[in-house]
Structure formats: structure tokens, C-alpha cells
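The following exercises concern one protein structure. Please work through each task before reading its solution.

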Amino acid sequence: MNENSSVEQLQQWLAGAAEVALKAGDLILELYEEQAYETYEKADDSPVTSADFAANRLIVDGLAALTPDIPILSEEGTHLTFEERKKWPRYWIIDPIDGTQEFIARSGDFGVIIALVEHNQPVLGVIYWPAGDVLYTAQSGQGAYREDVHGKQRIHIRRLADPDQDVIHMAISRRQPRERVLQRMTGDRELAMLPAGSCSLKACMIAEGKADCFLRVGPTGEWDTAAAEVIVGEAGGRIVDENFKPLTYNQEADLGNPNFIILGDPAVPWQSVFIHHRNGD
């Protein structure tokens with residue numbers, strides 16, 4: 001089955017993946033509230049917890065039951081070689097806990113990420129925020145949605161009244177030095193800084209119009225952005241690298257992302273706001 005999946009098939013898979021994300025979120029929140037987890041260090045010195053591993057098992061098992069023939073690529077799993085991976089027409093890509101540092105710091109700003117990539121393009125995105133019980137979903141060509149206790153509604157990026165002059169609301173990390181971000185930006189635009197947690201939740205802020213942009217400087221993986229690509233894209237925004245080129249999925253042996261920018265209103269002259277691309281790097 002190498003052709004594109006039907007809209008109806010994708011809808012079924014999206015609903016199933018959302019259910020899996022909700023169950024994983026329940027498990028994560030239980031471990032979080034009881035502080036019933038151990039913390040470890042990965043080879044790159046980034047933290048990981050037993051909650052990450054427990055959520056990973058639940059998600060992998062849930063997706064395998066939903067779609068037995070579709071492979072799964074997880075941040076916390078064993079990664080096959082590129083020679084094996086590049087033959088996949090479609091695959092699930094997951095991050096069981098996006099924002100493990102926030103989980104450990106007990107800020108509540110962490111999420112569950114599940115995405116489906118088909119022919120190297122993300123086509124389904126699920127991001128669940130367990131602490132707020134908010135679910136974000138999107139399917140390529142079908143819109144982006146937020147669902148919480150008040151119901152389900154379609155979401156859109158914020159349109160600025162004056163894209164050339166209005167204050168830009170910028171989501172920014174609580175954990176990363178702001179200087180690394182600000183030195184890549186023009187000083188000509190007024191910015192309102194909105195501190196937030198994980199990359200995925202900042203993407204959702206932009207998709208639902210609570211922020212206009214976010215620049216990530218530092219290491220991330222394709223699992224950090226795949227779901228956000230669909231959710232932000234269907235809400236009217238986009239994700240690009242610092243040189244305003246698209247991100248890629250399963251096209252290289254290295255699964256790491258370059259520095260990237262999540263952008264809202266397309267009418268804003270973003271290439272004059274983020275100036276790294278002018279250096280020719």
C-alpha cells in the first residue's frame with residue numbers, strides 16, 4: 001500500500017491516535033502527581049525518566065494495535081538504520097513526553113506527541129497537554145482543532161491588524177537563554193515575550209493565536225516537530241528552518257532538526273524579523 005491513504009482512513013487513524021495520546025497522558029499525569037518515577041541521563045546529557053519509558057510502551061502498543069502494518073519511530077525507542085527506514089511509505093513518529101525538563105521541574109508544561117508521516121510529509125498530528133487536559137489534533141487538508149472540557153473548536157493563527165508594525169507575541173523557552181534567540185532577530189520590531197514550556201505546546205499557542213512565533217535554538221528531533229507541522233500548517237502558519245527552508249522527515253540518517261522557527265500570520269515580513277538567513281549560513 002504505497003499510495004496516499006484516503007481521507008476517511010486518515011480520519012480513523014487520527015481518532016485512534018488521539019485516544020492513545022489521552023491514555024498516555026493519563027498515565028503520565030498519574031506518575032507526575034505521585035512523583036512515582038526515576039530520572040536518568042541520556043548519552044547527550046539530556047534527561048529522561050521512567051515515565052517517558054512507561055508512556056512509550058503504552059503508545060507503541062496502542063499504535064501497533066491500531067495499525068499493525070505501520071512502523072513506529074520513537075524518541076525513546078531503538079532507531080533502525082536509514083537504509084531500512086527510507087523504504088517506509090508511512091510511519092508513526094512519537095515523543096512520549098515532550099518537555100521532560102518541564103516534567104521534572106513540575107511546571108506542568110509537557111505534552112504527548114504523535115504524528116503520522118506519509119511519503120516524508122506529516123499528515124496527522126496529535127499533541128496532548130495532560131496537565132490542562134487539552135487535546136490538539138489536525139489532519140492534512142482538514143483543519144486544526146482544540147478540544148477541552150468546553151468542547152471541540154477549530155483553531156487559527158492570529159492575524160495582525162498591521163503586519164508591518166504591530167507588536168509580535170513571541171513564545172519563548174523558560175529554560176533556554178534568551179540571548180541565543182534575540183541575537184538572531186532584528187531590533188526593529190517590538191516583542192512581547194510569552195514564556196512557555198515544551199516546543200509542542202509553544203506550537204499549539206501559535207496555532208490557536210495566543211502567540212505569533214517561536215524560534216528554537218538547540219538540538220531537537222523530527223519527533224518534536226512532525227505533529228506541530230500539521231497542526232500549525234492547518235491553522236494557517238508554518239514551520240521552517242532558520243534559513244526559511246522546509247524541515248525534512250526521514251530523508252537523512254540523522255534524525256535531528258536544525259534550528260527552526262514556527263510562524264503565525266503569513267502577512268508578517270518574517271524574513272525581516274528573523275535575520276539569521278542574511279548571514280548566508
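The radius of gyration is taken over C-alpha atoms, and the globule rule is 2.2 Å times the number of residues to the power 0.38. The model is predicted: local features need pLDDT of at least 70, side-chain atom pairs count only at pLDDT 80 or more, and totals for chains, interfaces and linings use all residues. Residues are numbered from 1 along each chain as its sequence is written, and side-chain values use heavy atoms, with hydrogens and water left out.

**Exercise 1. Overall form**

Task: Determine whether the radius of gyration of the protein agrees or disagrees with that of a compact globule.

Solution: For 281 residues, a compact globule would have a radius of gyration near 19 Å; the protein has 18 Å, which agrees. Along the principal axes, the C-alpha atoms fill a box of roughly 50 × 45 × 40 Å. Next, consider burial, where buried means under 20% relative accessible area, exposed over 50%, and partly exposed in between (1.4 Å probe, protein chains only). Of the 281 residues, 51% count as buried. Finally, take contacts, meaning heavy atoms within 4.5 Å. Among contacts with a separation of 6 or more, 63% come from residues 24 or more positions apart.

**Exercise 2. The open sheet**

Task: State in what order the strands of the seven-stranded open sheet lie, and which are the edge strands.

Solution: Helices (H or I, at least four residues) and strands (E, at least two) are DSSP runs, numbered from the N terminus. The protein has eight helices and 14 strands. Two strands pair if DSSP finds at least two bridges between them. The order of the open sheet is β3-β4-β5-β6-β7-β8-β9, with mixed pairing. Its edge strands, β3 (72-74) and β9 (151-154), each pair on one side only. On average, neighbouring strands of this sheet are turned by 20° against each other, direction ignored. Between β3 and β4 (residues 90-98) the pairing is parallel, over three bridges; I72 has W92 in β4 as its bridge partner.

Two helices lie across strands of the sheet. Axes are lines fitted to C-alpha atoms, for helices over the stretch in contact, and angles run from 0 to 180 degrees between N-to-C directions. Helix α6 (residues 199-207) lies across β4, β5, β6 and β7, at about 100° to β6. Helix α7 (residues 222-234) lies across β3, β4, β5, β6, β7 and β8, at about 95° to β6.

**Exercise 3. Aromatic rings**

Task: Classify the ring pair of Y40 and F53 as stacked, tilted or edge-to-face.

Solution: Rings of Phe, Tyr and Trp (its six-membered ring) pair if their centres lie within 6.5 Å; planes under 30 degrees apart count as stacked, over 60 as edge-to-face and the rest as tilted. By this rule there are eight aromatic pairs. The centres of Y40 and F53 are 6.3 Å apart and the planes are at 35°, so the pair is tilted. This pair links distant parts of the chain, 13 residues apart: Y40 is in strand β1 (residues 39-41) and F53 in helix α2 (residues 50-66). Y40 is partly exposed at 39% relative accessible area, and F53 is partly exposed at 32%.

The pair of F103 and F110 is edge-to-face, with 5.2 Å between centres and 75° between planes. F103 is buried at 0%, and F110 is buried at 1%. Ring pairs link Y32, Y37, F103 and F110 into a cluster.
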